[in-house]
Amino acid sequence: MFDLDRFEEIWITISRNKVRSFLTGFGVFWGIFMLVIMLGAGSGLERGMMKNIDGFATNSCFFYSSTTSEAYKGFKKGRSWNLKNRDVEAIKNSVKELDCLSPMLWGVRSNNNVAYNNKASSFSVRGLYPDYTKIEQQRMRFGRFINDVDILYKRKVCVIGTKVHEDLFVNKENPLGFYIRVNGIYYMVVGVASSFSEISIGGRAEESVIIPFSTMQQINNQGDRVHFLGATAKPGVDAQVLEDKIKQVIMAQNNIAPTDKQAVGSFNIEKQFKIFDNLFLGISLLVWIVGMGTLFAGVIGVSNIMLVTVKERTREIGVRRALGAKPATIMAQIMSEGLLLTSISGVSGLCFGVAVLSLVGMVMEQAADGSSFLGSPIVPFNAAVQSMVVLLVSGLISGAIPAWRALKIKAIDAIREE
């Protein structure tokens, strides 16, 4: 005869177990999902920041003159001085760690200082060497950059930024060979450029007019004066070492006290990049700590439900032990159940997290205007592999304690239990 009460009891037990399994699995699902989302967000932030500095030499340092803070060799404190062409040559000859060196001059940016035909606007003007492209990489839209022949013969040529080209040449035609007027003097356009990086020295390349350094020195009656110096270190050389040695040469060339920390101004880009690296390392560490904490909470839930399952299946385990089942078989069964529950929930969370990040990435790419500091939130492959390893280890751990509990059950006691 059909026992309705017994059927209801079995059905309630099955339903309760399904609900417990679902809620526990959701804890693991949510833990791995949050870990993936945070890893993607951290990766997107790093990609966005690195994109903004892409093309700029990470081992570069820069120098400029300031007033002295110490009296030295008959010169009074507070003396003003200037970098000279001789300093450039002395640095090239004395500093073996130097890879490239580019002196710079700043021009006057007055109202409508750059003109072509009836179009005029205000832009930055810089005098550079060809080696400057090794510091700030240029993307050439038309033509070429300044070359050594331009420097040698002090040619009246220029490279204009893409924004200059758009403002002065309304039809966006190829401007090569045309002459523009910069601060009252005509220069032939030999190139149109923009920079890869959002970092710029003396103005963005897109909004600048670049002329040969030697030409600018002569036309602006600068003599042998240098406003600014940019340098990069050879591969494997710390930029701090290069910075210190160049400052020593400049001080010796200009009768500045070696202990004067104010006279020669400088800043080291490599230090800023190291700050970024430490920042991203800290973000990554924080993400893993928070994500692992959330995942660990889900694993504890799986372990608890497996303990309840072992308790409910005490008689079954006892019968199997009595029939000769080996301890390893019992342990493998319990651990495999925990691993299966964790894996299914975790892989679902991982796939859902990747899908969400992909969707967000597509939306960001469509709405991108090139100025965002956030990149596409993509989970790195190694991070995905690490997540899967963590997931599998968590599944094994979640079943280890219940399996150990099952092995402690004596066969005779289990059979007697009601």
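This is a short dialogue about a predicted model and the terms used to describe it.

Visitor: What should I know about numbering and confidence?
Guide: Residues are numbered from 1 along each chain as its sequence is written, and side-chain values use heavy atoms, with hydrogens and water left out. The model is predicted: local features need pLDDT of at least 70, side-chain atom pairs count only at pLDDT 80 or more, and totals for chains, interfaces and linings use all residues.

Visitor: How many helices and strands does the protein have?
Guide: Eleven helices and 14 strands. Both are DSSP runs, numbered from the N terminus: helices are H or I with at least four residues, strands are E with at least two.

Visitor: Why is glutamate 206 called buried?
Guide: Buried means under 20% relative accessible area, exposed over 50%, partly exposed in between (1.4 Å probe, protein chains only). Glutamate 206 has 12%, so it is buried. Its place is the loop between strand 10 (185–195) and strand 11 (208–212). Of the protein's 418 residues, 42% count as buried.

Visitor: What does glutamate 206 touch?
Guide: Leaving out residues up to four places away in sequence, glutamate 206 touches Gly161, Thr162, Lys163, Val164, Ala193, Ser194 and Ser195. Contact means heavy atoms within 4.5 Å.

Visitor: What makes helix 2 oblique to helix 6?
Guide: The axes of helix 2 (residues 85–94) and helix 6 (residues 239–253) come within 10 Å and cross at roughly 135°. Axes are lines fitted to C-alpha atoms, for helices over the stretch in contact, with angles from 0 to 180 degrees between N-to-C directions. Under 35 degrees is roughly parallel, over 145 roughly antiparallel, 65 to 115 roughly perpendicular, and the rest oblique. The crossing angle therefore makes helix 2 oblique to helix 6.

Visitor: Which residues make that contact?
Guide: Helix 2 gives Arg86, Asp87, Ala90, Ile91 and Ser94; helix 6 gives Ile246, Val249, Ile250 and Gln253.

Visitor: What is notable about phi of asparagine 117?
Guide: Phi is near 55°, a positive value in a residue other than glycine. Most residues other than glycine have a negative phi. Asparagine 117 sits in the loop between strand 4 (114–116) and strand 5 (119–121).

Visitor: How do you know whether asparagine 117 is buried or exposed?
Guide: Its relative accessible area is 61%, so asparagine 117 is exposed.

Visitor: Why is asparagine 255 called partly exposed?
Guide: Asparagine 255 has 27% relative accessibility, so it counts as partly exposed. Asparagine 255 also has a positive phi, about 55°, although it is not a glycine. It lies in the loop between helix 6 and strand 14 (264–268).
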